[in-house]
Number of protein chains: 2
Amino acid sequence: MLSVARHTSTRRRVLETAARLFQRQGYAATGLNQVLTESGAPKGSLYFHFPGGKEQLAAESITISGTRVGEQMAAIVSAAEDPAGAISGLANLFAADLGGSGFHSGCPVATVALEAAADSEAIRSRCESVYGAWAEGLSVALERWGVAPQDCLPVAEFAICALQGAILLAKVRRDARVLDSVARQLAGQISQSIRAERP
Amino acid sequence: MLSVARHTSTRRRVLETAARLFQRQGYAATGLNQVLTESGAPKGSLYFHFPGGKEQLAAESITISGTRVGEQMAAIVSAAEDPAGAISGLANLFAADLGGSGFHSGCPVATVALEAAADSEAIRSRCESVYGAWAEGLSVALERWGVAPQDCLPVAEFAICALQGAILLAKVRRDARVLDSVARQLAGQISQSIRAERP
């Protein structure tokens, strides 16, 4: 039992370290030796836990990081009173992550996705699932707020896209204000589409 | 004179090769040896032309690729009859690039920006200039189509953000249809804001 617990904890520690490094540095810049050193995992444990090597580690890291951010997003959206509050809360979440990391972090998935999704099906499909879950979560809330059912998922995807682009622009400007501007415009559009449907 | 011409052409060839590789593979995955080999440039010419090494090469590559795409965008926007035509033309440009490259290419700037902008001021400032020029170009067209002057730049930035996010989502789905959906929603929003201002 002890041995199983230790294995689980080593595996988890390696994964948490890898997730942090992939998010901050990207896929190609993150080496397995760095993951081993920073996680303090015994040499040899890496291929024991991750026989698929760096690709497997990155794929699982994306699920870990993406799910964690997805849960933060869900909490913000479910606490919001209306679409404007939800979108502005999401923008603040990403802005805080950017500002708090000296504009190193941002979206936990985007850098690795752009680098590696075209070459690795394992990584691509994990990225797709993460963004799909984020959009689905927002879509459910939009329906609750009165967006027409058939529009909820496209509008949610549109919002995720606009926020992703704003994270990118904020990074290259070292200035997160573009997230506010994008959030305001998104919120305006969503409110308008709700009003347009009301009799 | 011959020598100057040869220097210029070597420099240009190295830069074009580097720009293609950085766009396709990202910053960390692109090595100087690969740039040398694929450009057929003589060894030693790299540090002669680019004393700042890989960082300088990436920074200049971003300007080259970003300016080229910016010119394509400007041509599309200036040929369009209205905002909907312009936005849909831009979405088609990016969709064609994604589809034609097996979803390897997309935005020529985004991957390197996410990887390296936080660590390199030279790269960050070039990325900022490229996105700034794209937004400015679209902003001028929006004013011509009747968007209120104070809204043109924020709306143009919003459009660039949404399209950037859509490129990312298209890559992780290996499916460019999200660009259509985002373009339609963007165009709808812009048209509505123009109508709202007309007496």
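Me: Taking helices (H or I, at least four residues) and strands (E, at least two) as DSSP runs numbered from the N terminus, how many helices and how many strands are there in chain A?

Reply: Chain A holds nine helices and zero strands, so that, read from the N terminus on, its elements run α-α-α-α-α-α-α-α-α. The C-alpha trace of chain A spans about 65 × 40 × 30 Å along its principal axes. This is a predicted model, in which local features need pLDDT of at least 70 and side-chain atom pairs count only at pLDDT 80 or more, while totals for chains, interfaces and linings use all residues. Residues are numbered from 1 along each chain as its sequence is written, and chains are lettered from A, with ligands numbered from 1, in the order in which they are written.

Me: What is the mean pLDDT of chain A, and which elements have the lowest and the highest mean?

Reply: The general caution is that, where pLDDT is low, the predicted coordinates should not be read in detail. On this scale, which gives the predictor's confidence in each residue from 0 to 100, chain A has a mean of 94, and 95% of its residues reach 70 or more. Among the elements of chain A, helix H1 (residues 2-25) has the lowest mean, 85, and H7(A) the highest, 98. For the complex, the predictor gives an ipTM of 0.94 and a pTM of 0.94.

Me: Which residues of helix H1 of chain A are useful for learning to read burial, and is A:Ser9 buried or exposed?

Reply: A residue is buried if 20 or more other C-beta atoms, placed from the backbone, lie within 10 Å of its own, exposed if 12 or fewer do, and partly exposed in between. A:Ser9 lies in helix H1 of chain A and is exposed, because 11 other C-beta atoms are within 10 Å. A:Gln25, which also lies in helix H1 of chain A, counts as buried because it has 20 C-beta neighbours inside 10 Å. The C-alpha atoms of A:Gln25 and A:Val112 are separated by 8.8 Å, although these residues are 87 apart along the chain. Over chain A as a whole, 48% of the 199 residues count as buried.

Me: How many residues does each chain bring to the contact, and what is the make-up of the side of chain A that touches chain B?

Reply: With two residues in contact when their C-beta atoms, placed from the backbone, lie within 7 Å, the contact takes 39 residues from chain A and 39 residues from chain B. Helix H6 (110-116), helix H7 (121-144), helix H8 (149-173) and helix H9 (177-197) of chain A each supply at least two residues of the side that touches chain B, and the largest share, 15 residues, comes from H8(A). By class, that side has 22 nonpolar, ten polar and seven charged residues, where Ala, Val, Leu, Ile, Met, Phe, Trp, Tyr, Cys and Pro count as nonpolar, Asp, Glu, Lys and Arg as charged, and the others, Gly among them, as polar.

Me: How is chain A laid on chain B, and which residue of chain A comes closest to the rotation axis?

Reply: Two copies of a chain are related by a rotation about an axis and a shift along it. Here, with superposition by least squares on the C-alpha atoms of residues with pLDDT of at least 70 in both copies, chain A can be laid on chain B with an RMSD of 0.0 Å by a turn of 180 degrees and a shift of 0.0 Å along the axis. The two copies are therefore related as by a two-fold rotation axis. Of the residues of chain A, A:Ala162 comes closest to that axis, its C-alpha lying at 1.9 Å. The same surface serves both copies, as 100% of the contact residues of chain A recur in chain B.

Me: Which residues touch the most other members of the largest nonpolar core, and with which residues is A:Ala162 in contact?

Reply: In soluble globular proteins, nonpolar side chains tend to be buried together. A nonpolar core is a set of buried Ala, Val, Leu, Ile, Met, Phe, Trp, Tyr and Cys residues joined through C-beta atoms within 7 Å, and of the 134 residues in the largest one, A:Ala162, A:Val182, B:Ala162 and B:Val182 touch the most other members. Leaving aside neighbours within four places in sequence, A:Ala162 is in contact with A:Val182, A:Leu186, B:Phe158, B:Cys161, B:Ala162 and B:Gly165. The buried residues of H9(A), among them A:Val182 and A:Leu186, pack against helix H5 (83-100) and H8 of chain A together with helix H8 (149-173) and helix H9 (177-197) of chain B.
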